[in-house]
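Trainee: Could we go through this structure together, with the reasoning behind each description spelled out as we go?
Mentor: Yes, let us look at the structure before we begin.

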Amino acid sequence: MNAETPDRARHAHHATPGAEHGERVGVYVCHCGHNIANTVAVEEVAEWAGQQPNVIVARDYKFMCSSLGQELIEQDIQQLGLNRVVVAACSPHMHEKTFRTACQRAGLNPYLFEMANIREMGSWATDDREAATQKAKAQVKGAVDRAVRQQPLEPLYVDINPNTLVVGGGIAGLTAALELANAGYHVYLVERDSSIGGHMAKLDKTFPTLDCAACILTPKMVDVANHPNITLLTWSEVLSVHGYVGNFTVRVRKKARFINEELCTGCGTCVEKCPVRIIDQNFEVGLGYRKAVYRNFPQAVPKYPVIDTEHCTFFQRGKCRACEIVCPTDAIDFNQKDTFVDLEVGNIILATGYEQFDARRVSQYGYGRLANVFTSMEFERMVNAAGPTAGRVVLRDGVTVPRRVGIIHCVGSRDKNHHEYCSRACCMAALKFAHLVHERVPEAEVFNFYIDIRASGKHYEEFYHRVLAEGTHFIRGRVAEVTDAARGPGEEGQLIIQVEDTLIGKQRRIPVDMVILMAGMESRKDARQVAALFGLGCDYDGWFTERHAKLDPVVTMTEGILVAGACQGPKAIPESVAQGSAAAARVAGMIGQRVMKMEPVRASIDASSCSGCRICNNLCPYHAITFHEDRKVSEVITALCQGCGACVAACPSAAISGAHFTRDQVLAQIEGILWDARQPEVLWLEPQ
Amino acid sequence: MATSASLSRTSDFFREVVAEAPVDPRLEACLQCGTCGGSCPSGPDMDHTPRALFAMIAAGMRDAVLRSNTPWYCVSCYYCMERCPQEIRITDVMYTLKRMAIKAGYSAQTSAPRAPGFAQTFVDHVENYGRSFELGLITRYYLSHRPLDALKMAPLGMGLLKRKRLDLSPRPIRQIDQLKAILDRAREIDAAAQLT
Amino acid sequence: MENEFQPIIVGFLCNWCSYRAADLAGTARVHYAPTMRPIRVMCTARVEPEFVLKALREGADGVLIAGCHPGECHYVEGNIKALRRFTLLKAMLRQFGVEEERVQLVWAAASEGKQLAEAVDRMTEQLRALGPLRWRQRVLGEQPVARHALEVEVGG
Amino acid sequence: MRYGYYPGCSLERNAGAYHTSLMAVAAQLGVEFAEVDDWNCCGATEFIAVNRLRAYALVSRNLALAARQTNGSNGAARGQLVAPCSACFLNLSKVDHYLSESPALTNDVNNALAAGGLSYEPGSLRVRHLLDVMVNDVGYERVAATVRRPLRGLRVAPYYGCLVVRPGFRERFDDPEYPTSLDRLMRTLGATVVDFPLKAHCCGGHMTQISRDVALELIRRLLKNAADYQADMIVTLCPMCQLNLDAFQESVNSMFGTEYRIPILFFTQLMGLAFGLPPAAVGIGKEFIDARPALARIGAAPPAEAEAAPKRKPRRNDQSLPLPQMPEEE
């Protein structure tokens with residue numbers, strides 16, 4: 001048969017037919033171009049494999065995943081009557097699906113296929129050809145021995161609930177919610193704050209187009225609020241998540257607003273008349289004030305205010321009631337309580353966003369100590385026409401217009417003392433600020449202090465050139481310190497930015513009136529708790545981990561849980577929107593299929609062996625094992641089981657079997673993978 | 001962290017500096033951001049900022065680096081090391097470069113010619129007495145290295161003496177022989193390491 | 001270095017974290033000792049003590065079990081169950097006189113390829129220092145007898 | 001409380017006032033400082049510039065002696081070694097830290113120490129600066145309870161210099177850029193603490209001997225900053241800082257044409273005065289710039305509290321923007 005496919009397989013090694021288990025295994029060793037073949041002697045592995053028990057044919061081939069490679073397997077299954085297939089190539093996470101499908105095409109149950117990972121865990125992890133070849137043989141042997149014990153399995157199907165939960169009402173979450181709602185599916189949008197819009201709602205202009213943020217965001221917020229397919233739950237938090245892809249049950253707490261939403265018209269009279277004025281640390285990031293009954297901004301969606309019980313005179317001292325008195329519709333309800341809502345959804349999209357790095361932590365820049373040092377978000381609020389200064393660029397006294405402004409890049413980012421990563425969006429925001437200062441204060445001089453200008457988006461570089469042309473000074477150097485300690489008369493009364501101008505190689509002291517710190521992005525303080533709640537992973541910095549950084553950026557390792565926007569890593573608006581849409585598309589695709597095929601890797605209990613000890617009952621994290629009091633045996637509810645195998649390993653009667661990871665399969669693989677570790681040259685005697 | 005493979009791609013001089021440092025200085029991580037040069041109190045007086053010096057080390061400019069006054073102007077304030085976003089041990093590199101300059105005989109040629117003499121005088125005193133002896137240090141340093149400046153320092157010395165802040169004779173430690181034995185052994189170990 | 005003892009480690013890798021960490025190490029071309037032979041399991045909670053004992057009996061010099069970090073288990077807390085089981089197993093192995101270093105449990109998230117590679121390197125060094133396990137002599141007290149010696153005896 | 005005590009060369013003579021005052025204060029607070037027997041110089045910043053291993057061996061001899069003398073015969077307790085000089089503190093803690101990091105370096109150092117019959121195990125001592133012990137072990141409360149004569153009306157600029165707060169290898173107890181523990185200690189003594197932005201900047205160190213012009217400029221900046229905030233004196237915690245600011249103040253004045261006369265005292269001297277000790281008992285009088293005129297105010301009737309006007313609520317038409325909130329200091 002070799003003669004028929006000489007161009008495809010250079011070698012085919014046949015072993016004696018009639019193997020011990022009567023199973024007929026085909027082994028295929030992939031060169032992966034040079035990726036494997038350079039380090040592993042693939043021909044040798046294939047030849048050796050051909051001599052192992054049960055192996056009917058073993059071949060090596062340039063690219064097993066190519067259509068020709070797959071056809072090779074299919075042909076052998078049909079012509080040689082193979083009933084097990086082993087491919088030694090890359091990670092099963094890369095191509096297991098490919099080869100299973102090929103087996104299926106040839107009429108072989110896909111679960112009679114096994115893969116040996118000799119690339120990621122072999123050729124790519126060492127230069128030692130001899131050791132890599134030996135390790136590859138062991139992996140192949142393990143896979144073959146495991147394969148002969150495999151059993152055909154049928155996939156499970158679960159129904160997909162067409163409702164979706166989106167957590168987070170920033171631009172990524174809004175986009176995802178609208179996409180799904182427009183596709184005709186129902187969405188629950190849960191937002192922790194009292195209104196939606198996220199960080200974007202605080203911005204004035206967006207780079208590089210200088211679109212007004214409110215002009216492009218407000219219509220989307222209104223759409224969300226009015227969409228018949230969207231249930232908007234603001235001032236709400238997810239408490240618990242149960243179930244699995246297609247069938248999640250989510251409990252949400254709607255915190256009391258102390259405003260009856262049925263009656264409130266959003267007129268704002270209560271806000272106006274509230275006598276308590278406090279610094280708004282949330283929406284105004286500390287630069288402005290709000291009342292004890294408040295809305296983040298006048299166009300907030302939803303329009304209902306919320307009462308801050310910590311500062312409200314009535315809640316603190318039992319008197320005042322000014323809001324209640326002035327409300328024309330009697331919508332104030334001091335007795336309102338938190339309520340709980342249970343949602344049934346098929347998929348969950350997390351779009352919980354980021355927090356701004358706390359600039360106080362870089363104490364040499366003086367934020368919090370030197371009045372005229374501002375954070376980038378403070379400056380966003382300052383230049384916003386709806387912000388605390390109505391868009392005027394002024395110093396902390398609220399009056400003086402700065403003549404010299406220094407913008408410091410990479411505050412908390414690209415710094416191993418804080419965050420090693422680049423926050424991506426700050427360079428462009430800094431350029432935008434330079435432009436806005438020039439626009440609002442034409443006579444002002446602006447200095448940008450940068451390490452590298454990262455302008456790698458559509459029209460970003462062009463925007464950089466525009467800001468250069470506007471006469472902004474660019475000084476390449478990471479700022480050493482900001483101080484108000486003057487060294488001489490020329491520096492009195494100003495802030496001094498001390499920096500090495502690295503392009504000149506000299507230390508410089510630049511006096512300015514105002515400093516803006518481009519504080520980077522960091523993950524939410526509670527990101528790890530949120531990840532645990534929804535069952536997904538976080539990386540070192542607290543960003544949610546996607547399934548694949550390049551090829552699967554919005555799906556997580558947990559089926560049915562998706563991520564979008566800056567909760568997965570620092571992002572600007574365009575990328576957040578793209579991820580929101582992508583996540584929605586993935587969910588819509590799943591809903592469209594109505595059912596989802598699931599791996600049949602599930603536990604089952606042999607009732608005749610079960611002793612009824614109930615050890616497994618409490619081990620199962622999904623409550624998938626019930627106990628039948630009448631028969632005194634436990635049973636696995638297949639739909640709930642996720643296949644972790646904890647119960648299988650714990651059962652003292654060996655009554656539980658984990659499909660595709662049975663005890664004899666794993667033990668056989670252990671034996672096979674250690675084929676060369678036993679000492680063959682001696683016999684063993686029992687001790688005297 | 002530098003691996004042997006990544007180090008093999010650096011200049012000979014770069015490897016020499018890393019090998020001379022007491023612990024890994026993480027020099028290969030330099031981003032050339034200039035935080036060190038901006039933070040340095042004597043930065044304006046250096047002929048190269050520390051950042052520039054690191055680029056020169058990477059480029060293998062042995063002569064220019066060892067002739068530079070930069071390490072000698074280091075005041076050991078550790079601002080650079082504290083602020084460095086790549087956690088490079090800059091102050092240690094400066095000490096290392098001083099030692100290399102002395103060993104290579106460049107120290108007299110730097111634009112900070114006084115510094116090596118002061119350091120050596122100090123070391124001699126400590127090796128002989130176990131503790132520093134300010135009067136001896138100052139008089140010997142000025143008389144042997146800067147006779148013309150000795151007059152300038154005289155009022156200070158007199159002031160210290162008047163306020164009983166200066167000893168007239170050194171006070172050696174009791175077990176000076178033990179210290180000398182330890183330092184001699186250290187010298188031998190260092191010398192043996194140089195040979196291999 | 002040529003004839004240095006190359007230990008064999010059986011690695012039980014959790015499908016969600018550590019298996020992907022090992023994949024990532026390879027993708028990033030992080031080189032480490034080719035001593036670890038991987039077996040994929042869905043969760044470290046699936047690793048029965050018998051698997052570990054089997055591996056040691058079959059000639060492995062060590063067993064590495066690698067799972068998700070506590071709190072990040074794909075199956076809520078399978079890794080914690082594995083940890084509990086592992087603690088019991090360690091106590092048993094200690095009674096057998098098997099050194100601590102031969103059976104290790106480490107956490108490696110999917111993004112921690114380098115850390116997993118370092119764990120394999122570290123363990124390889126430790127096993128190198130300990131030398132081969134030889135379970136049957138050590139634990140079962142069996143004495144190896146050369147085949148020819150036996151033949152002589154039988155023949156005589 | 002008992003600590004091993006490493007005075008360092010300066011405290012033997014030129015900073016004798018520091019030694020005298022800290023011992024007097026310790027006695028008042030019931031803290032015992034047991035001097036390490038036969039300690040040697042830490043090498044300052046010079047030794048390491050000439051030889052690497054000898055510098056590490058030089059410092060390690062002190063660590064070995066201190067560990068043997070303070071950890072007790074069984075070596076079980078992890079002793080604490082206190083250094084009042086910033087440079088000594090840095091050298092001792094840095095060597096301990098680097099030895100822990102590099103087994104190769106530890107090996108070489110212990111080979112050298114063996115020639116003197118000594119050895120040192122990294123991490124077996126806890127190296128602390130005197131200020132750390134005063135504010136964190138003794139604590140502000142105990143200090144406050146010991147104050148007999150509050151330093152009311154005295155405006156002090158707290159000067160930390162470099163090496164106590166940077167690089168902070170093992171025992172970081174304050175912010176490396178803008179420390180506040182000495183500020184709080186001075187307020188505990190009743191003094192008024194002025195803002196002193198250069199509080200952690202460099203005094204010039206050994207540069208006075210290497211490049212006088214560079215050093216005098218660094219000293220001038222500090223004096224100017226303290227004068228700008230109308231400090232009566234600068235309080236310091238390092239003999240080198242004290243010497244540079246005090247002994248070279250006249251040189252600064254003649255070089256820059258300034259007329260600074262700012263006394264420079266050690267923080268323990270002010271503690272002693274506040275505890276009611278006579279000036280001579282805390283070494284007052286050894287400084288170049290006489291501290292007595294400024295100190296004359298202590299003991300006078302405390303000035304009325306009127307100086308600190310109560311904060312007014314911002315008025316409605318006040319356009320000023322709120323300041324960022326800082327975490328409460330105390």
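Trainee: Which residues in helix 3 of chain C are buried, and how do you know that the word applies?
Mentor: This is a predicted model, and within it the buried residues of helix 3 of chain C are G78(C), N79(C), K81(C), A82(C), R85(C), F86(C), L89(C) and L93(C). A residue is called buried if 20 or more other C-beta atoms lie within 10 Å of its own, so these residues are the ones in the helix that meet that cut-off.

Trainee: What makes these residues line one face of helix 3 of chain C?
Mentor: Looking down the helix axis, the buried residues fall within an arc of 135°, so they line one face of the helix. As a general rule, an α-helix has 3.6 residues a turn, and therefore residues three or four places apart point the same way.

Trainee: Which residues lie exposed on the other side of helix 3 of chain C, and what covers the buried ones?
Mentor: On the other side, R84(C), T87(C), L88(C), A91(C), R94(C) and Q95(C) are exposed. The cover over the buried residues includes helix 15 (615-619) and helix 16 (646-650) of chain A, together with helix 2 (49-57), strand 3 (62-67) and strand 4 (103-107) of chain C.

Trainee: How do you know that the span of helix 3 of chain C is close to what is expected?
Mentor: Helix 3 of chain C runs over residues 78-96, which is 19 residues, and reaches 27 Å from its first C-alpha to its last, close to the 27 Å expected at 1.5 Å a residue. Just after this helix, G97(C) takes a positive phi of about 85°.

Trainee: Why does the radius of gyration of chain D agree with that of a compact globule?
Mentor: For 330 residues a compact globule would have a radius near 20 Å, and chain D has 21 Å, which agrees. The C-alpha atoms of chain D fill a box of roughly 70 × 45 × 45 Å along the principal axes, and 58% of its 330 residues count as buried.

Trainee: Where do the domains of chain D lie, and how many residues of each are in the contact?
Mentor: The domain assignment gives domain 1 (2-129) and domain 2 (148-300) of chain D, and their C-alpha centres lie 25 Å apart. The contact takes 27 residues from domain 1 of chain D and 26 residues from domain 2 of chain D. On the domain 1 side, helix 2 of chain D gives the largest share, nine residues, and by class that side has 12 nonpolar, 11 polar and four charged residues.

Trainee: How many residues are in contact between chain B and chain D, and what gives the most on the chain B side?
Mentor: Here 54 residues of chain B are in contact with 52 residues of chain D, a term that applies when C-beta atoms lie within 7 Å. Helix 11 of chain B gives the most to the chain B side, with 11 residues, and by class that side has 30 nonpolar, eight polar and 16 charged residues.

Trainee: What secondary structure does chain A have, and how much of the chain is buried?
Mentor: Chain A comes to 17 helices and 36 strands, and buried residues make up 51% of its 688 residues. The C-alpha trace of chain A spans about 95 × 70 × 60 Å along its principal axes.

Terms used:
Residues numbered from 1 in each chain as written. Chains lettered and ligands numbered in written order. Predicted model: local features only at pLDDT ≥ 70, side-chain atom pairs only at ≥ 80, totals over all residues. Contact = placed C-beta atoms within 7 Å. Helix = DSSP H or I, 4+ residues; strand = E, 2+ residues; numbered from the N terminus. Nonpolar A, V, L, I, M, F, W, Y, C, P; charged D, E, K, R; others polar. Domains from an automatic or database assignment. Expected span 1.5 Å × (residues − 1). Buried ≥ 20, exposed ≤ 12 C-beta atoms within 10 Å, placed from the backbone. Arc of directions from axis to C-beta. Rg over C-alpha atoms; globule rule 2.2 N^0.38 Å.
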